[in-house]
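Hi,

Here is the structure I said I would pass on. Have a look at it first, and then read on for my notes.

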Amino acid sequence: MKLCTHCDSDMVEKNNFLGFKIPIAIVLILIPYGIFVCWLPFIIPGNYICKNCGREFRKVKEIDWREYEKMKELQKEQG
Ligand SMILES: [Zn+2]
């Protein structure tokens, strides 16, 4: 499972910026030779957004769900 690197929340969402990339691709198609570069916006990797702390980041913490359960238990013990 994917966790936020800042607050360890599992409320992370992938943001592919498609609402941003598609218009750029359309504009590129319309310009001369743009057809050759219109795919470029799509190779830019998406970001992750944490709904808990609101931060954006490229990499998420990938952990096993069992590990996650253990972590939650530990957090509970610590209060
Ligand atoms: Zn977070």
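What share of the contacts in the protein with a separation of 6 or more comes from residues 24 or more positions apart? The figure is 63%. Keep in mind while reading that this is a predicted model.

Overall layout

The protein has 5 strands and 2 helices, and going along the sequence they come in the pattern β-β-α-β-β-β-α. The radius of gyration is 18 Å, well over the 12 Å that the globule rule gives for 79 residues, so the protein is more spread out than a compact globule. The C-alpha trace spans about 65 × 20 × 10 Å along its principal axes. As for burial, 5% of the 79 residues count as buried.

The sheet

Three of the strands are worth finding in the viewer. They form an open sheet with the order β2-β3-β4, and the pairing is antiparallel. Its edge strands are β2 and β4, each of which pairs on one side only.

Take the β2 side to begin with. Strand β2 (residues 12-15) pairs with strand β3 (residues 47-50) in the antiparallel sense, over 4 bridges. If you want a landmark there, Val-12 has Cys-50 in β3 as its bridge partner.

On the other side, β3 is joined by 2 bridges to strand β4 (residues 56-57), and these two also run antiparallel. Here the landmark is Tyr-48, which stands opposite Phe-57 in β4. β3 and β4 make a hairpin with 5 residues between them, and in that turn Gly-54 has a positive phi of about 75°.

One residue of the sheet I looked at in more detail is Glu-56, which sits in strand β4. Is Glu-56 buried or exposed? It counts as exposed, because it has 9 C-beta neighbours inside 10 Å, and the cut-off for exposed is 12 or fewer. Leaving out residues up to four places away in sequence, Glu-56 touches Asn-47, Tyr-48 and Ile-49. Glu-56 and Glu-13 are 43 residues apart in sequence, yet their C-alpha atoms are 9.6 Å apart in space.

The helices

I checked both helices for length. α1 (18-30) has 13 residues, which at 1.5 Å a residue should span 18 Å; its end C-alpha atoms are 18 Å apart, so that agrees. Helix α2 (residues 65-78) has 14 residues and should span 20 Å by the 1.5 Å rule, and its end C-alpha atoms are indeed 20 Å apart.

How many of the 13 residues of α1 are buried? The count is 0, so to speak a helix that is hardly covered. α2 is hardly covered as well, with a count of 0 buried residues among its 14. Right after α2 comes Gly-79, with a positive phi near 95°.

The annotated span

There is also a record to set beside the model. The UniProt annotation "transmembrane region", from an unreviewed entry, covers residues 20-42. In the model, that span is 48% helix and 0% strand, and its end C-alpha atoms lie 10 Å apart. Do bear in mind that such annotations may be inferred rather than shown by experiment.

Two backbone angles to look at

Most residues other than glycine have a negative phi. Two residues here go the other way.

Asp-8 is one of them: its phi is positive, near 60°. Asp-8 is found in the loop between β1 (2-3) and β2. With 16 C-beta neighbours inside 10 Å, Asp-8 counts as partly exposed.

Tyr-33 is another, with a positive phi near 65°. Where does Tyr-33 lie? Look in the loop between α1 and β3. Tyr-33 counts as exposed because it has 8 C-beta neighbours inside 10 Å.

If you open the model now, I would start with the β2-β3-β4 sheet, then move to Glu-56 in β4, and finish with the loops that hold Asp-8 and Tyr-33.

Cheers

Key. Residues numbered from 1 in each chain as written. Predicted model: local features only at pLDDT ≥ 70, side-chain atom pairs only at ≥ 80, totals over all residues. Rg over C-alpha atoms; globule rule 2.2 N^0.38 Å. Buried ≥ 20, exposed ≤ 12 C-beta atoms within 10 Å, placed from the backbone. Contact = placed C-beta atoms within 7 Å. Pairing = 2+ DSSP bridges. Expected span 1.5 Å × (residues − 1).
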